[in-house]
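Please open the structure in the viewer with the sequence panel alongside. The tour below proceeds by selection, from one chain to the other and then to the contact between them.

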Amino acid sequence: MSMLAYHGTAMLGRQLLRLRNNPGLLILTQTMPISMLLFFGYVFGSALAVPGEAYRSFLVPGLLVATASGGIMAGMFQAAQDTHRGVTNRFRTLPMSRAAVPLGQAAADLVATAVGTVPFLLVGLAVGWRVEGSALEAVGALALLMLFRFACTWAGIYLGLLTRNEEAAGQLGGATFLLPLLSSAYIPADGLPGWLRTVAEWNPISAVATALRDLFGNAPVPDGAAWPVAHPVAGSVVWCAVLLGVFVPLAVRQYAHGER
Amino acid sequence: MTSTYAVLSEGLEKRFGEVRALRGLDLAVPEGSVCGILGPNGAGKTTAVRLLTTLLRPDAGSARVAGHDLVREAAAVRERISVTGQGTSIDEDLTGRQNLRLFGRLHRVRGPAGRTAELLDRFGLTEAADRPASTWSGGMRRRLDLAASLVRRPDVLFLDEPTTGLDPVSRTLIWDVVRGLTAEGTTVLLTTQYLEEADQLADDIALVDRGRVTHTGSPAQLKSLVGAHAEVVVPDTDTLARAAAVLDRLTGAQPSFDHERNAVGAVSKDPTLTIPLLVRALDTAGVPLLDVSLRPPTLDDVFLRLTETTPPETTGATGTTDEKERAA
């Protein structure tokens, strides 16, 4: 276990060095959610029945979660790139725990996400979003966000090790952009027609987004929703546990087995 | 199994779907020696390296590497080996120095900074050390790749075509490093397509064809199995057959024709064949000559000669060699 921690830390250091060598990348990944906040918040917000400021308060937690689901894309791309470049195979021949490489990658992604969330929240504050609940609940909301990001990254790492190809991972990763559209990240799900509403409410993004809105005190839990949304905090934790329970073993196994 | 072999494999088999990449690979590499695995593309060289470095699991057969069972003690094997595969396997987004320090840390090397500086110097990379490897030339990246395999001294170093496509300077440097390693007791197993490389470095060569070792021996032993490549050019088609008959008798090998140039050639089975012998014999037979040449065997010659007894399709392959030679 201590060797896993040692090698995991070394791999974390590697990923942080990559960020330090190329800080533009971190900034670039954050321009997308910020511009979406401004476009959605002001362009769409002006056309909605609710006042713009209320929609922007609703949107900030939603975009946080939508961006966190981008961990699938980030994890997939990085794992596929490493495999494609042959680095993964070199790691495989090194005497270290089979979990160290994916763990280090997921941990580094978490650090980058934590840093990247700060400017987004500042812009959120500038456009009228506020923490309306207690500080403890707000901390809980951020912790939940990070847990969800961590789970998404593991799913991405597994898919990236599976595809092995940067370009394919890029294409497939682009499709993950659609996931938040089928959730309550950008719009309330209770306005959706029957089956679409069911799909959206069983989307993990909806549970986490609802939990964040609840904990930040931005919007109440919708009535008559499916269980994960009706009990958003518990629902989010269960969703993350399920994702981690499935994808951590799959990713570690895929890493260990390689191309055999 | 004795421990005096750094690599000892018996009947290793690997199949990818319908393709049988390895069909019973037997290797015995004594500790501290350099073994060259020689063979054409698709012979199974890379698959062999991937199996022996724990990247792939064998379908059948067994092997011990650095004294440990390849499958059951894979972790122990990894403690003792290093691999530089085909192409590069470094993190191109890190600088050269960052790469070596990372691999130093992963290998739990004491004082990775000092070892890193030493290796950068040894491989002529100090000047570029703090630029991202993505901005480096291919040759520099390959050198870094080998340096990364040496952050701690491995018991067995695997090199998969380490110099393919490299400039002569990088090639010579890598050869020097390999020679230095064996002096320190490291066993080296390298695959190559170049006879010259095997000749320069290897104590023993294992000739691999279609997933099997077909011949083993020192470079000199292998070369003595194959004589020089003789070629005779005559003025007209009529004398070509007579020249071929002489060549057939002297070389003991089936001559191959190049009708466009009125040339006939053969890889001699007799290593003592010389130009005077050849000219005298042709003269005695009254064959008019435009040109006679005798050159050392190429990898193609050695390979085709040594494999022609095993598979039945050699005649077609000989034709291909002739075409290649004409183009060259």
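Helices, in the sense used here, are DSSP runs of H or I with at least four residues, numbered from the N terminus. The model is predicted, and the predictor gives the complex an ipTM of 0.88 and a pTM of 0.84.

**Chain A**

Select residues 135-163 of chain A, which form helix α7. At 1.5 Å a residue, its 29 residues should span 42 Å, and the end C-alpha atoms are indeed 42 Å apart, so expectation and model agree. Step on to Arg164(A), just after α7(A), where phi is positive at about 65 degrees.

Next, colour the segments that an unreviewed UniProt entry lists under "transmembrane region": residues 24-45, 57-79, 100-127, 139-161, 168-187 and 233-252 of chain A. Two of them may be inspected in turn. Residues 57-79 of chain A are 96% helix and 0% strand, with 35 Å between the end C-alpha atoms. For residues 233-252 of chain A the figures are 100% helix and 0% strand, and the end C-alpha atoms lie 28 Å apart.

**Chain B: the four-stranded sheet**

Move to chain B and display the open sheet with strand order β2-β1-β4-β5, in which the pairing is antiparallel. Its edges are β2 (19-30) and β5 (68-69) of chain B; each has a single partner strand, so one side of each lacks a neighbour in the sheet. Within the sheet, select β1 (residues 5-16) and β4 (residues 60-65) of chain B, antiparallel strands joined by five bridges. Glu13(B) can be found opposite Ala60(B) of β4(B).

Now add helix α1 (residues 45-52) of chain B, which packs on this sheet and touches β1, β2 and β4 of chain B. The direction of α1(B) makes about 115 degrees with that of β1(B).

**Chain B: the six-stranded sheet**

Keep α1(B) in view, for this helix also lies across β3 (34-38), β7, β8 and β9 of chain B, running at about 150 degrees to β7(B). Display the open sheet of six strands, ordered β6-β7-β8-β3-β9-β10 in chain B, with mixed pairing. Here β6 and β10 of chain B are the edge strands; a single partner strand each means that one side of each is left without a neighbour in the sheet. On average, neighbouring strands of this sheet are turned by 15 degrees against each other, direction ignored.

Two strand pairs deserve selection:

- β7 (residues 156-160) and β8 (residues 187-192) of chain B run parallel and are joined by five bridges; Asp160(B) stands opposite Thr191(B) in β8(B).
- β9 (residues 204-209) and β10 (residues 212-217) of chain B pair in the antiparallel sense over five bridges; Val208(B) has Val213(B) of β10(B) as its bridge partner. These strands form a hairpin with two residues between them, and Arg210(B) in the turn has a positive phi of about 45 degrees.

**The contact between the chains**

Show both chains. How many residues does each chain bring to the contact? Chain B gives 25 residues and chain A gives 20 residues. On the side of chain B that touches chain A, α2 (74-80), β6 (81-84) and α3 (96-106) of chain B each supply at least two residues. The largest share, four residues, is that of α3(B). By class, this side of chain B has 10 nonpolar, eight polar and seven charged residues.

**Confidence in chain B**

Finally, colour chain B by pLDDT. The mean is 86, and 91% of the residues of chain B reach 70 or more. Select residues 310-328 of chain B, where pLDDT stays under 50 and the model has 13 contacts beyond four places in sequence. Where pLDDT is low, predicted coordinates should not be read in detail.

Notes
Residues numbered from 1 in each chain as written. Chains lettered and ligands numbered in written order. Predicted model: local features only at pLDDT ≥ 70, side-chain atom pairs only at ≥ 80, totals over all residues. Contact = placed C-beta atoms within 7 Å. Nonpolar A, V, L, I, M, F, W, Y, C, P; charged D, E, K, R; others polar. Expected span 1.5 Å × (residues − 1). Pairing = 2+ DSSP bridges. Axes fitted to C-alpha atoms, helices over the stretch in contact; angles between N-to-C directions. UniProt positions renumbered as here; feature names shortened; annotations may be inferred. pLDDT = per-residue confidence, 0-100.
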